[in-house]
Amino acid sequence: MSFTLFFAYLHYIQMYWKQLYKKTITLSTYYAHFFPFLAKNLVSCYAECMMNEFTQHVTLPAGETIPVRQYLQHRLGISNSMWRRIKNTGTFTLNGERVNATRSVLKDGDAIAFSMEKRPSAIEPEDLPLDIRYEDDWLMVINKPAPMLVHPIAREPHGTLGNAVLGYYQRRHLPYGFHPVHRLDRNTTGLVLIAKAPQIQFQLSSKRHQGIKPLHRDYLAIACGTWETKSGTIDLPLGREDGSFVRQCVRFDEKGRPAVTHYRVLEERDGLSLLALTLDTGRTHQIRVHLASVGHPILGDTLYGSPSPAIGRQALHAWRLRFLHPIAKTPVEVIAPPPADMTGPLATFSRILP
């Protein structure tokens, strides 16, 4: 079989699944009030067979050209494994024409498109409430409540942010996966950035590994005690505490990883301090361990401090998220005020947000 016939066959299979998916959506919507269970599962089944399609208009300086692979990996954040999937499917098009992605080069104004098979997710979609603070075709920002986990675990496979996001996609017949760019602790509330496509997640993550800060996360915390220095930086390496699967601690041995937290005291009253915090790194429990290590544990933090009658969890909230959009290249800022369970403790202070 020639390569032309082989690619034509692949294209036929892809179009077959697309048509089948569209018909299933139409039929399942029409008969949903008669066969809700059947309709729901047909949509879920064929959505898994869909191909994720991506389109992009190339922006380059006039007269400059760039190989397809270099553009996809350096500009769009495509990983090596994703690149292999793109070139092996034979679905890459340049200005509407199917081309060999390995040999092609791009110039300013070119329109490219490619497809990747959507891999099944082990996370079960669930109909759970979501506080969506930002959404576009590539990203969404969720205001996560406590005590919700971001990702399912073996002993807790339901009720997580991942279940909720996939349920949201399923109800809207959107063939996206769950790709969190970062995480929050179970009992920390606030903003979480979710990528709708794996290459967007990879692009943002790869920038972090290259020493570029793709996200600016701002936190609000109520800590115990008053501070001698009203602003500063806590630069202490962190690692897992010996003998524990949960607790983290300051470690100066080879198991410690760099961790940097910047703090600013907004107000102090009645033995408590209201803090604004930003992170240079994102270690597990970083803010909680850093504040406890300098003698100011977070109010209500039972793991690194002590319980409080004022709040049933650590008083820590990710209130602002700022980033440069990976596709539009425009700045995005999202804000979520503190939740209701922090209202009581925050009433001690005359100000809430920086």
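1. Start with phenylalanine 323: in this predicted model the residue is buried, with a relative accessible area of 4%. Phenylalanine 323 belongs to strand 17, residues 316-324.

2. Now the ring partner. A search of the whole structure turns up 5 aromatic pairs. In one of them, the ring centres of tyrosine 134 and phenylalanine 323 sit 6.4 Å apart with the planes at 85°, so this is an edge-to-face pair. Tyrosine 134 is in strand 7 (residues 132-135) and phenylalanine 323 in strand 17, so the contact ties together parts 189 residues apart in sequence. Is tyrosine 134 buried or exposed? Neither, quite: tyrosine 134 is partly exposed, at a relative accessible area of 22%.

3. Another pair worth a look is tyrosine 169 with tyrosine 176. Their ring centres are 5.3 Å apart and the planes stand at 75°, so these two are edge-to-face. Tyrosine 169 is buried, with a relative accessible area of 1%, whereas tyrosine 176 comes out as partly exposed at 23%. Add Tyr168 and you have one aromatic cluster made of Tyr168, Tyr169 and Tyr176.

4. Have a look at strand 10 too. This strand spans residues 189-195, and 7 of its 7 residues are buried. Which strands does it pair with? Strand 8 (residues 139-144) runs antiparallel to strand 10, with 6 bridges, and there isoleucine 142 faces valine 192. Strand 9 (residues 179-180) is also antiparallel to strand 10, joined by 2 bridges, with proline 180 opposite isoleucine 194.

5. Strand 17 comes back here. Strand 10 pairs with strand 17 in the parallel sense, over 2 bridges, and threonine 189 stands opposite histidine 317. So strand 17 holds phenylalanine 323 from the first point and is also a parallel partner of strand 10. When you look at side chains here, keep in mind that in a regular strand they alternate between the two faces of the sheet.

6. On to helix 7, residues 286-293. How many of its 8 residues are buried? The count is 6, so the helix is mostly covered. The buried ones are Gln286, Ile287, Arg288, Val289, His290 and Leu291. After the helix comes glycine 295, which has a positive phi, near 90°.

7. Last, the cysteines. The disulfide count is 0. Cysteine 224 is partly exposed, with a relative accessible area of 25%, while cysteine 249, at 19% relative accessibility, counts as buried. Why does cysteine 249 count as buried? The cut-off for buried is under 20%, and 19% falls below that.

Note on methods. Residues numbered from 1 in each chain as written. Predicted model: local features only at pLDDT ≥ 70, side-chain atom pairs only at ≥ 80, totals over all residues. Heavy atoms only, no water. Buried < 20%, exposed > 50% of the residue type's maximum accessible area, 1.4 Å probe, protein only. Helix = DSSP H or I, 4+ residues; strand = E, 2+ residues; numbered from the N terminus. Phe/Tyr/Trp six-rings, centres within 6.5 Å; stacked < 30°, edge-to-face > 60°. Disulfide = S-S within 2.5 Å. Pairing = 2+ DSSP bridges.
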